Amino acid sequence: MEIAIIIIGVLIDRITKVWALKTIRSGNDIVIIKDFFSIQYLENRGAAFGIFQGKTLLLSIVTLIVILAMIYYLIKYREIYKLTRISLALIIGGALGNLYDRIIYKYVVDFIMLHYKDIYYFPTFNIADILVVVGTIALAISILREGK
């Protein structure tokens with residue numbers, strides 16, 4: 001099941017990023033909900049919230065180490081709580097999606113923009129980021145439920 005979650009997550013991330021590269025890269029922004037939600041192409045050469053700008057090699061190495069550690073954990077502890085396995089698979093899928101971008105493009109393709117008028121802009125993100133965040137929240141819930 002974890003392998004399927006990882007593969008589906010990476011595929012959805014790749015499909016949406018290829019779409020973004022072909023459709024909105026040239027400035028063809030799409031407004032979904034005026035003053036709140038739009039699709040706008042962005043090349044992120046850093047990590048979350050734009051930190052570590054230009055540190056692609058460092059971010060790639062750290063991401064690869066974390067992915068390998070989570071895979072090792074999944075293999076070594078096959079009997080762990082189901083929610084833990086699912087959450088790690090979501091995180092791995094998202095991490096692989098962004099790692100692919102860093103290796104191939106030297107930046108991460110972001111395109112989902114949430115904002116309030118021109119007052120507040122949440123950092124632009126992508127499907128891989130959603131997978132990592134949802135996986136991390138699920139992991140925290142799993143840890144709290146297991147009591148470990």
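Helices here are DSSP runs of at least four residues, numbered from the N terminus. The model is predicted. One such run, helix 2, spans residues 56–76 and holds T63.

**Annotated spans**

An unreviewed UniProt entry annotates residues 57–75, 82–100 and 120–144 as "transmembrane region". Two of these spans are set out below.

| Span | Distance between end C-alpha atoms | Helix | Strand |
|---|---|---|---|
| Residues 57–75 | 27 Å | 100% | 0% |
| Residues 82–100 | 27 Å | 100% | 0% |

**T63 in helix 2**

Is T63 buried or exposed? T63 counts as buried, because its relative accessibility is 15% and the cut-off for buried is under 20%. Which residues does T63 touch, leaving aside neighbours within four places in sequence? They are A95, L99 and R102.

**Helix 4**

Helix 4 covers residues 127–146, 20 residues in all. From first C-alpha to last it reaches 28 Å, close to the 28 Å expected at 1.5 Å a residue.

The two ends have their own details. At the N-terminal end, N126 acts as a cap. A side-chain oxygen of N126 lies 2.9 Å from the backbone nitrogen of A128. After helix 4 comes G147, with a positive phi near 75°.

Which residues of helix 4 are buried? They are I127, A128, L131, G135, A138 and S142. These residues span an arc of only 95° around the axis, so they sit on the same side of helix 4. An α-helix has 3.6 residues a turn, so residues three or four places apart point the same way. The cover over the buried residues of helix 4 includes helix 1 (2–23), helix 3 (82–104) and strand 3 (108–116).

Definitions and conventions:
Residues are numbered from 1 along each chain as its sequence is written. This is a predicted model: local features need pLDDT of at least 70, side-chain atom pairs count only at pLDDT 80 or more; totals for chains, interfaces and linings use all residues. Side-chain values use heavy atoms; hydrogens and water are left out. UniProt positions are given in the numbering used here, feature names are shortened, and annotations may be inferred rather than shown by experiment. Helices (H or I, at least four residues) and strands (E, at least two) are DSSP runs, numbered from the N terminus. The expected span of a helix is 1.5 Å times one less than its number of residues. Buried means under 20% relative accessible area, exposed over 50%, partly exposed in between (1.4 Å probe, protein chains only). The arc is that of the directions from the helix axis to the C-beta atoms. Contact means heavy atoms within 4.5 Å. A polar contact is a pair of N or O atoms within 3.5 Å; within protein, one must be able to donate a hydrogen and the other to accept it, and residues adjacent in sequence count only if both atoms are side-chain atoms.
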